[in-house]
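Here's a walk through one structure, with an eye on cysteines, strands and rings. Have the model open while you read.

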Amino acid sequence: FFFLMIRRPPRSTQSRSSAASDVYKRQIQKMIGEERDYQNEGDVLVDKLMELSESPNWQFQHSVASGSVNYFSMPVESEGDLILAKGVGIIESDPETICQYIFDPQLKKESDPMFIEAQDLVTIQENMKIIRQVYSGKFPVSSRDFVLLYVKKYKDGKLMCVGKSVEDEFFPPVDGIVRGEIEIAGWVFEPQDANKVKATFIFRVDVKGWVPKTIVNWGASMQIEVICLLYTS
């Protein structure tokens, strides 16, 4: 998942419409804070990502990039047959640089032709926000969007960047676009020796609507190619 930072213009150049938009965003942020404890949800999400990354229940599937990136899956006891998947690779860089590379919206557009845009909807606190991503569809499949709680946090020396779908009355579905669901999608960046980072990507996504589950799972397994791109960059 990727996001686009929307910077406010200087106060002296704000138009009435942009100032009104800022007021609206602050009102929404206040109301959301009163209705839901997103900070606690974010902490739970980070803990879940850490737990999954360290779980012994992953089953090896195959390697790519000459064995430099490994792909795993894990059985999930829930409705449907969508896979929980994990990709792991070693990258020559540092966590912050990799994170910046991954979440650059322009790079996302270049690497994913179906990606349209990403928006910051509300900032809960520093490094915690609600974002929206939009992807184009190809006939007969409709376009999809996702509204996510996104968290960036260091824990036990590892950089965690993780998101999950949230349902909130302030962010209703958009006509003509199917609202998908991301159960979890996150990166764990663990520094290694000699300026190297162990990058782990974990995800489980339900695009909803009419799409065969086999196609969804195939697409999910291809997400490990993101690590391959990082490995070869």
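Buried here means under 20% relative accessible area, exposed means over 50%, and partly exposed is whatever falls in between. Keep in mind that this is a predicted model.

**Confidence first**

The chain has an average pLDDT of 78, and 71% of the residues reach at least 70. Residues 1–14 have a pLDDT below 50, and in the model this stretch makes 36 contacts beyond near neighbours in sequence.

**The two cysteines**

How many disulfides does the structure hold? The count is 0. Look at C99 and you'll see why: its closest cysteine sulfur belongs to C161, and at 3.3 Å that is too far for a bond. The cut-off for a disulfide is 2.5 Å between the sulfur atoms. Both residues are tucked away: C99 is buried, with a relative accessible area of 4%, and C161 is buried with a value of 0%.

**Strands β1, β2 and β3**

Strand β2 covers residues 69–74, and 5 of its 6 residues are buried, so the rest of the structure largely encloses it. It has a partner in strand β1 (residues 59–64), with the two pairing in the antiparallel sense over 5 bridges. In that pairing, S63 stands opposite N70 in β2. β2 also pairs with strand β3 (residues 84–92), again antiparallel, over 6 bridges. There, V69 stands opposite G89 in β3.

Past β3, in the loop that leads to α3 (95–102), sits S93. S93 is buried, at a relative accessible area of 14%. Its contacts, leaving aside neighbours within four places in sequence, are I98, N195, K196 and V197.

**Rings**

How many aromatic pairs are there? The count comes to 6. Two of the pairs are set out below.

| Pair | Centre to centre | Angle between planes | Geometry |
|---|---|---|---|
| F60 and F72 | 5.7 Å | 75 degrees | edge-to-face |
| F115 and Y135 | 5.6 Å | 70 degrees | edge-to-face |

The F60 and F72 pair links distant parts of the chain, with F60 in strand β1 and F72 in strand β2, 12 residues apart. Is F60 buried or partly exposed? F60 is partly exposed, at a relative accessible area of 48%, while F72 is buried at 17%. F72 has company of another kind too: the charged end of K86 sits over its ring, 4.8 Å from the centre.

The F115 and Y135 pair also links distant parts of the chain: F115 lies in strand β4 (residues 115–125) and Y135 in strand β5 (residues 128–135), 20 residues apart. F115 and Y135 are both buried. Elsewhere, W187, F189, F201 and F203 make up one aromatic cluster.

**K164 in β7**

One last stop is K164, found in strand β7 (residues 158–165). K164 is partly exposed, with a relative accessible area of 23%. Its C-alpha atom and that of I184 are separated by 4.8 Å, although the two residues are 20 places apart along the chain. Which residues does K164 contact, leaving aside its neighbours within four places in sequence? They are E41, L45, V147, L148, L149, I182 and E183.

Terms used: Residues are numbered from 1 along each chain as its sequence is written. This is a predicted model: local features need pLDDT of at least 70, side-chain atom pairs count only at pLDDT 80 or more; totals for chains, interfaces and linings use all residues. Side-chain values use heavy atoms; hydrogens and water are left out. Buried means under 20% relative accessible area, exposed over 50%, partly exposed in between (1.4 Å probe, protein chains only). pLDDT is the predictor's confidence in each residue, from 0 to 100. Contact means heavy atoms within 4.5 Å. Helices (H or I, at least four residues) and strands (E, at least two) are DSSP runs, numbered from the N terminus. Two strands pair if DSSP finds at least two bridges between them. Rings of Phe, Tyr and Trp (its six-membered ring) pair if their centres lie within 6.5 Å; planes under 30 degrees apart count as stacked, over 60 as edge-to-face and the rest as tilted. A charge sits over a ring if NZ of Lys or CZ of Arg is within 6 Å of the ring centre and within 35 degrees of the ring normal.
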